[in-house]
Amino acid sequence: MADEPISAWDEGALRDLLGERHRWHAVRGHLHELDGERPAAAEAYAEAARRATTVAERDHLVRQAARARR
Amino acid sequence: MPKYLLLKHYSGGPEPHHPFPPMDQWAPEDVEAHMAFLRQVKTLLQENGEYVDGQALTQAQTWVRYGGPDAAPVTTDGPLPETSDLVAGWYMVDVESRERAIELAAYISSEPGPGGGPLYEWIDVREVMSGKSSSED
């Protein structure tokens, strides 16, 4: 399981659990990062940052996106 | 003393001094420098006694209007955020003069951008009307 790409994760179930909100995109970013898909991780973190509702979360997610793009 | 709203925009405003990508595409150290500068702006304003308020807004925009008698409010996301004027946040400052408000806005606009140089971001400076509004009499 750990070696399988993110496509093997049940994205639909995760989305249903978390909703189409910033945490869903943040989790998606983390999973992409675990798969070594850094550009996709950065895009997901950036989408999460655009939807964040607190300054602390927004700043953290922007940092995560910038770090993943490096 | 007059109060001014110094508005930062996600989009809209005059032609940018130079194009720059969203912050999530900057180098991590440039992101840190930018955030540290904005923290320092708040501290500076507070130490000067010029700080009234500062807030950031989420990007989700909902326009609402009265729907008419016995009708639900009408809402729309409005024009696409990419093409419309969208406020990102503000500082409310209490200053000696308009010149000081402009000086502060220019200082905020010098915030470091990608590569560490000034962002030259346009800041929307609006004076708050003094005195009570007629509805408060």
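pLDDT is the predictor's confidence in each residue, from 0 to 100. This is a predicted model, and a good way to begin is to colour both chains by that confidence: chain B has a mean pLDDT of 92, with 91% of its residues at 70 or more, while chain A has a mean of 86, with 87% of its residues reaching 70 or more. For the model as a whole, the scores are ipTM 0.83 and pTM 0.85.

**Select chain A**

Show chain A as a cartoon, and four helices and zero strands appear, so that its elements, followed from the N terminus, read α-α-α-α. Of the 70 residues in this chain, 33% are buried, and among its contacts between residues at least 6 apart in sequence, 37% join residues at least 24 apart.

With the confidence colouring still on, compare the helices of chain A: the lowest mean pLDDT among its elements, 74, belongs to helix 1 (residues 11–18) of chain A, and the highest, 96, belongs to helix 4 of chain A. Where pLDDT is low, the predicted coordinates should not be read in detail.

**Select helix 1 and helix 2 of chain A**

Now bring up helix 1 of chain A together with helix 2 of chain A, whose axes come within 8 Å of each other and cross at roughly 145°, in a crossing that is right-handed. To see the contact itself, display the side chains of Leu14(A), Arg15(A) and Leu18(A) in helix 1 of chain A, which meet Arg23(A), Trp24(A) and Val27(A) in helix 2 of chain A. Sorted by character, the residues of this contact are four nonpolar, no polar and two charged.

**Select helix 2 and helix 3 of chain A**

Keep helix 2 (residues 22–34) of chain A on screen and add helix 3 of chain A, since the two pack with their axes 8 Å apart at an angle of about 165°. Angles over 145 degrees count as roughly antiparallel, and helix 2 of chain A and helix 3 of chain A are therefore roughly antiparallel to each other. The crossing of these two helices is left-handed.

On the side of helix 2 of chain A, pick out His22(A), His25(A), Ala26(A), Arg28(A), Gly29(A), His32(A) and Glu33(A), which meet a set of residues in helix 3 of chain A that includes Arg38(A), Ala44(A), Tyr45(A) and Arg51(A). The residues of this contact comprise six nonpolar, four polar and five charged.

**Select the interface between the chains**

Next, show both chains and turn to the place where they touch: here 15 residues of chain A are in contact with eleven residues of chain B. On the chain A side, the elements giving two or more residues are helix 3 (38–51) and helix 4 (55–69) of chain A, and the largest share, eight residues, comes from helix 4 of chain A. By character, the chain A side of this interface divides into eight nonpolar residues, one polar and six charged.

**Select chain B**

Hide chain A and follow chain B along its sequence, where two helices and six strands are arranged in the pattern β-α-β-β-β-β-α-β. The C-alpha atoms of chain B fill a box of roughly 55 × 40 × 25 Å along the principal axes. Buried residues account for 15% of the 137 residues in this chain, and of its contacts with a separation of 6 or more, 72% are between residues 24 or more positions apart. Among its elements, strand 4 (residues 74–76) of chain B has the lowest mean pLDDT, 93, and helix 2 (residues 98–109) of chain B has the highest, 98.

**Three residues of chain B to look at singly**

Start with Asp70(B), which sits in the loop between strand 3 (63–65) and strand 4 of chain B and has a phi near 60°, a positive value in a residue other than glycine. Is Asp70(B) buried or exposed? A residue counts as exposed if 12 or fewer other C-beta atoms lie within 10 Å of its own, and Asp70(B), with 5 of them, is therefore exposed.

Move on to Tyr120(B), in the loop between helix 2 and strand 6 (124–127) of chain B, where phi is near 55°, again a positive value in a residue other than glycine. Tyr120(B) counts as partly exposed because it has 14 C-beta neighbours inside 10 Å.

Finally, add Tyr107(B), which is found in helix 2 of chain B and is partly exposed, with 15 other C-beta atoms within 10 Å. A distance drawn between the C-alpha atoms of Tyr107(B) and Tyr120(B) spans 9.4 Å, although these residues are 13 residues apart along the chain.

Notes
Residues are numbered from 1 along each chain as its sequence is written. Chains are lettered from A and ligands numbered from 1 in the order in which they are written. This is a predicted model: local features need pLDDT of at least 70, side-chain atom pairs count only at pLDDT 80 or more; totals for chains, interfaces and linings use all residues. Two residues are in contact if their C-beta atoms, placed from the backbone, lie within 7 Å. Ala, Val, Leu, Ile, Met, Phe, Trp, Tyr, Cys and Pro count as nonpolar, Asp, Glu, Lys and Arg as charged, and the others, Gly among them, as polar. Axes are lines fitted to C-alpha atoms, for helices over the stretch in contact, and angles run from 0 to 180 degrees between N-to-C directions. Angles under 35 degrees count as roughly parallel, over 145 as roughly antiparallel, 65 to 115 as roughly perpendicular and the rest as oblique. A crossing is left-handed if the near helix is turned anticlockwise from the far one by less than a right angle, and right-handed if clockwise. A residue is buried if 20 or more other C-beta atoms lie within 10 Å of its own, exposed if 12 or fewer, and partly exposed in between; C-beta atoms are placed from the backbone.
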